[in-house]
Amino acid sequence: MSYLRNSLRALAAAGLAAVLIAPASAAQAEPSPAELTQRIEKSSTELERVVESYNELTEDIKANKAAAAKLTARIGPLEAQTAQSRADVGEIAVTAYKTGRMDTANALLSAGGPSNLLDRLDTLDQLTRQRQQRISGFTESQRRLLDQKARLDATLAKQAAQAKQLAAGKKKIEKDLAELYEMRRQAYGRATEPPAPRTKSKSKSGGSSAEQAPAVSGRAGTAVRYAYGALGKPYVWAADGPNGYDCSGLTSAAWRAAGKSLPHNTKMQWGVVSHISRSELRPGDLVFYNSLGHVSIYVGGGQVIHAPTFGRNVEKRNVDLMKPYGYGRVH
């Protein structure tokens, strides 16, 4: 009986040890490349949204700086106008003091007598009207100046708050990015893709050249050729070239080369393009994905060029690289 009891105790202890050790061993197991890839894709999608929010904030700050510059330019002349009006009002006060003691009796007794009274009264009336106009002008100039200064102060305060938010956002992105790149090292042996080999084709002159863009006329053609020139360059968050791009940075840079200004943010770009159907797509149009979290430029033949994500290079892919959200034409 004692032997059986001891055996059961030993079995129970061994079982408990197995229960305690097994989870620890499982927890220490390295994730498989497939699991890491899945994590990388999920983290990349989430981080791309953060970057696009960062880009949107940057665009807002840019707009506020432009507004502040305009307000400052308007305040300068207003300050000069207000100072001049203040001087005019002071001059009127002196004139009023000098002429204020002249009453009707003095006018009657002075040289010229009653015949000169109407002229003097008319002069006083003109002085009064002039004084009223100048004082009104001074008041209006002062009100406009105070209003412009208040708007400028509000814009500058908003700008300062956004700058702090931008700095905090940058730190978070850099921290998350370090973790993402470490996952890429574990999965692929390096944090970023090597420079992509450029596809070669025969040029008209018979020599070898980089992959040729399709013949597209006008500004759209310029944008498409720019996108082809970016092939193989690295994804760089918040960048719009020439050495690297994020998704909205590439589309804005391509159209900037064509003389059109697009905001460096996917949602903002969606807001300024004409929305078209898939059947209307032509080279130079933009294709939006992932609830406006990603954008590419259509280059014809069912293909787009885009800056994919962190650690990747600008590439050409099928338009259905992910489910499209919508299509837009720059105008």
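This tour visits two helices and the sheet on which they pack, in a predicted model.

**The two helices**

Select residues 218–229, which form helix α5, and then residues 247–257, which form helix α6. The two helices pack with their axes 7 Å apart, at an angle of about 130°. Because angles over 145 degrees count as roughly antiparallel and those from 65 to 115 as roughly perpendicular, this angle makes α5 oblique to α6. The crossing of α5 past α6 is right-handed.

Next, display the side chains at the contact. From α5, select R219, A220, T222, A223 and Y226; from α6, select A253, A254, W255 and A257. By class, this contact of α5 with α6 has seven nonpolar residues, one polar residue and one charged residue.

**The sheet**

Now turn to the open sheet of six strands. Its order is β3-β8-β4-β5-β6-β7, and the pairing is antiparallel. Select 274–276 for β3 and 315–318 for β7; these are the edge strands, each of which pairs on one side only. On average, neighbouring strands in this sheet are turned by 40° against each other, direction ignored.

Within the sheet, select β5 (residues 294–300) and β6 (residues 303–306), two antiparallel strands joined by three bridges. Highlight I297 to find one residue with a bridge partner in β6, namely I305.

**Helices against the sheet**

Finally, show the helices and the sheet together. Helix α5 packs on the sheet and touches β5, β6 and β7, and its direction makes about 110° with that of β5. Helix α6 also packs on the sheet, touching β4 (286–289), β5 and β6. The direction of α6 makes about 45° with that of β5.

Notes. Residues numbered from 1 in each chain as written. Predicted model: local features only at pLDDT ≥ 70, side-chain atom pairs only at ≥ 80, totals over all residues. Heavy atoms only, no water. Axes fitted to C-alpha atoms, helices over the stretch in contact; angles between N-to-C directions. Helix = DSSP H or I, 4+ residues; strand = E, 2+ residues; numbered from the N terminus. Parallel < 35°, antiparallel > 145°, perpendicular 65-115°, else oblique. Left-handed = near helix turned anticlockwise from the far one by under 90°. Contact = heavy atoms within 4.5 Å. Nonpolar A, V, L, I, M, F, W, Y, C, P; charged D, E, K, R; others polar. Pairing = 2+ DSSP bridges.
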